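Let's take a friendly walk through a protein model, strand by strand and then along a helix. Keep the picture open beside you as you read.

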Amino acid sequence: MPDIDPWGDVEIGDYSEKMDKFGIDPISDVEERLPDNLLVRRGIIFGHRDLDKLLDARDEGEQFAMMTGIMPSGVFHFGHKCVVDQIKMYQEMGAQITIAAADVEAYNTRDMSLEEARELVIEEYLKNYVALGIDLENIDFYFQSTGGNEYHLKSKQFAKHLTQNEVEATYGSAEPGKITSALTQYTDILKPQFDGPKPTVVPVGIDQDPHIRLTREVARKYRDAQFHKPSSTYNKFMRGLQGGKMSSSNPKSYIALTDDIEDAKKKIDQAKTGGRDTLEEHREKGANIQEDMVFELLAFHLIEDDEELERIREKYSSGEMLSGELKQIAKDRLEKFLEKHKRRREEASEEVEQYLEEHTGLDR
Ligand code: TRP
């Protein structure tokens, strides 16, 4: 079996081992050239390939792009929010933004019709993206199914530049639907360069790295255009609220941005913490922050201010603060966040409907 299966369950214990194995560079290399961003500051974005090339282009005033894809899988939760935060960061840096809705991939690799896939993308992803502050107006958004003739032709031509060995070494013996999805994804990643070569970054979880590696191969070998090899960044996966994997198929493992507030608070109450078994032991040893999913939620999404987070870390890891108190902080923050999001999502809804009508010609 290959080391990383982009369609399977991925749980990474040791990120640095994967970085060494696949030649991913530490983000600290380029950190000071990036905007001040929580995900970078806290090491949540930990690695990259060739991000310096994109930053060079930015510094020279040349065009550069960011591209990502949406795989419709269940409801939109905090684990999905990381990518939105990154899109916003690149949008503010002046990148051209391209977003592909992976309806063809969903059709080929999951039990889903194209229509179901599209509805899920719109209701669960696009509307939440806009509610979180993505400005659709300057974005190239498309569904894989309606990507256009050039797009579909290239997705077939790219097959010529892969060998059986590469494919097997990267994906194992993947079935045709997966290989087709992979070729479609390479085309997504190179699409920002159809109108001319430009550095493009693809922010992903490390599960998608196999696709990044082969897209770079295709870009190098394809002779009908001069593509830059795509750059990439890698973010850590948020773990599930009960420890282990955060998974769309297990509602207790995540908080959706559309969860009812009381339900969401209950999930916090039931979350795995690093608190000790007895009060005495907790006061003595302090919390095990590494294994605390509530702290993880605060650090990834709910506390922007580093000093504030640091104060909490100190109190909690020294035993002065109890898990119940940490949970209360999380619940208060979460309530504010979800209330605001609910309002924004209602406003976003109409904007998205109108955008789709004008830009995608999708008959819904
Ligand atoms: N395969 C990706 C996923 O499962 C979705 C996707 C499709 C994608 N095209 C892409 C991601 C291009 C990044 C870039 O999440």
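Our first stop is a pair of strands: S1 (residues 25-26) and S2 run antiparallel and are joined by 2 bridges. Look for Pro26, which stands opposite Gly47 in S2. Please keep in mind along the way that this is a predicted model.

Now stay with S2, which covers residues 45-49. Is this strand mostly covered or mostly open? It is mostly covered, since 5 of its 5 residues are buried. S2 also pairs with strand S7 (residues 231-235), again in the antiparallel sense, and this time over 4 bridges. To find the spot in the picture, look for His48, whose bridge partner in S7 is Thr233.

Thr233 is a handy signpost, for it takes us on to the next strand: Pro203 stands opposite Thr233 in S7. Pro203 belongs to S6, and S6 is joined to S7 by 5 bridges, with the two strands running parallel. How does the chain connect S6 and S7? Together with helix H10 (residues 209-221), they make a right-handed β-α-β unit.

S6 has another partner too. Strand S3 (residues 65-70) runs parallel to S6, and 2 bridges join them. Here Ala65 has Thr200 in S6 as its bridge partner.

Why is S6, residues 200-205, largely enclosed by the rest of the structure? Because 6 of its 6 residues are buried. A general rule helps with the next step: in a regular strand the side chains alternate between the two faces of the sheet. Try following this along S6: Thr200, Val202 and Val204 point one way, while Val201, Pro203 and Gly205 point the other way. Both sets are buried.

Let's finish with a helix, H7 (residues 149-157), which gives a different kind of pattern to look for. Its buried residues are Tyr151, Lys154 and Ser155. They cover an arc of only 105° around the axis, which means that they lie on the same side of H7. The general idea behind this is that an α-helix has 3.6 residues a turn, so residues three or four places apart point the same way.

What do the buried residues of H7 pack against? Their neighbours are strand S5 (139-143) and helix H9 (176-190). On the other side of H7, you will find Asn149 and Lys156, which are exposed.

Key
Residues numbered from 1 in each chain as written. Predicted model: local features only at pLDDT ≥ 70, side-chain atom pairs only at ≥ 80, totals over all residues. Heavy atoms only, no water. Buried < 20%, exposed > 50% of the residue type's maximum accessible area, 1.4 Å probe, protein only. Pairing = 2+ DSSP bridges. Right-handed = clockwise from strand over helix to strand, strands pointing away. Arc of directions from axis to C-beta. Contact = heavy atoms within 4.5 Å.
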